[in-house]
Amino acid sequence: SIDSGAVVEGGGTTPFGQACTLSSDCQTNDCQNFPGLGGNYCTQPCSTDSQSPTPPGLGCGGVGYCKVP
C-alpha cells in the first residue's frame with residue numbers, strides 16, 4: 001500500500017533526489033527518468049510546488065513529478 005508520507009511502504013533506502021535503478025530502490029518507491037540529468041532519480045508525484053521536498057525554486061515539474069536537485 002502507499003502512504004501519504006515521504007517514506008512509502010515497499011520502498012528502499014535511497015533518499016529523494018538520489019540516483020536509482022528501480023522504484024523499489026527509493027524511499028518514495030518512485031524512480032523516474034530525468035533526461036536533462038542523464039539518468040534515473042528518486043522522486044515523487046506532485047501537482048503543486050509546495051508538495052516537493054526539494055530546496056525552494058525546484059518545485060513540481062511539468063510531468064507531475066517533483067524536480068530533483
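A residue is called buried here when its relative accessible area is under 20%, and exposed when that area is over 50%. With that in hand, here are my notes on this predicted model.

1. Let me start with the hairpin. Strands β1 and β2 pair in the antiparallel sense over 4 bridges. The two strands form a hairpin with 4 residues between them, and in the turn Gly-38 has a positive phi of about 75°. If you want to check the register, Asn-33 stands opposite Asn-40 in β2, and Gln-32 has Tyr-41 in β2 as its bridge partner.

2. How many disulfides are there? The count comes to 3. Numbering the bonded cysteines along the chain, the pattern is 1-3, 2-4, 5-6. As a reminder, a disulfide is a covalent bond between the sulfur atoms of two cysteines. The next three points take the pairs in turn.

3. The sulfur atoms of Cys-20 and Cys-31 are 2.0 Å apart, and the two residues form a disulfide. Cys-20 sits in the segment before β1 (31-34) and Cys-31 in strand β1 itself, so the link ties together parts that are 11 residues apart in sequence. The torsion about this S-S bond is about 95°, so the disulfide of Cys-20 and Cys-31 is right-handed. Cys-20 and Cys-31 are both buried.

4. Cys-26 is joined to Cys-42 by a disulfide, with an S to S distance of 2.1 Å. This pair also links distant parts of the chain: Cys-26 is in the segment before β1 and Cys-42 in strand β2, 16 residues apart. The handedness here is worth a look, as the link of Cys-26 and Cys-42 has -80° about the S-S bond and is left-handed. Both of these cysteines, Cys-26 and Cys-42, are buried.

5. The remaining pair is Cys-46 and Cys-60, whose sulfur atoms lie 2.0 Å apart in a disulfide. Cys-46 and Cys-60 are each in the segment after β2, and their bond links distant parts of the chain, 14 residues apart. With 95° about the S-S bond, the link of Cys-46 and Cys-60 is right-handed. Cys-46 counts as buried because its relative accessibility is 10%, and Cys-60 is buried too, with a relative accessible area of 15%.

6. Why does Cys-66 not bond to the closest cysteine sulfur? That sulfur belongs to Cys-46 and is 3.8 Å from the sulfur of Cys-66, which is too far for a bond; the cut-off for a disulfide is 2.5 Å. Cys-66 counts as buried, since its relative accessibility is 0%. Leaving aside neighbours within four places in sequence, the contacts of Cys-66 include Phe-16, Phe-34, Thr-43, Gln-44, Gln-51 and Pro-53, along with both Cys-46 and Cys-60. I would look at the disulfide of Cys-46 and Cys-60 and at Cys-66 in one view.

7. That view also brings in the largest nonpolar core, which has 7 residues in all. Three of its members are cysteines, namely Cys-46, Cys-60 and Cys-66. The aromatic members are Phe-16, Phe-34 and Tyr-41, and Val-68 completes the set. Tyr-41 has already appeared above as the bridge partner of Gln-32.

8. Two side-chain to backbone contacts deserve a mention. Thr-28 is in the segment before β1, and its side chain reaches the backbone oxygen of Thr-43 at 2.5 Å. Thr-28 counts as buried because its relative accessibility is 8%. Gln-44 is in the segment after β2, and a polar atom of its side chain lies 3.2 Å from the backbone oxygen of Gln-51. Is Gln-44 buried or exposed? At 14% relative accessibility, Gln-44 counts as buried.

9. Finally, a look at the surface. Ser-47 is in the segment after β2 (39-42). Its relative accessible area is 61%, so Ser-47 is exposed, whereas Cys-46 counts as buried. How far apart in space are Ser-47 and Gly-59, C-alpha to C-alpha? The distance is 9.5 Å, for a separation of 12 residues in sequence. Gly-59 is also one of the residues in contact with Cys-66.

Methods: Residues numbered from 1 in each chain as written. Predicted model: local features only at pLDDT ≥ 70, side-chain atom pairs only at ≥ 80, totals over all residues. Heavy atoms only, no water. Core = buried A, V, L, I, M, F, W, Y, C linked by side-chain atoms within 4.5 Å. Buried < 20%, exposed > 50% of the residue type's maximum accessible area, 1.4 Å probe, protein only. Contact = heavy atoms within 4.5 Å. Polar contact = N/O pair within 3.5 Å; in protein donor to acceptor, adjacent residues only side chain to side chain. Pairing = 2+ DSSP bridges.
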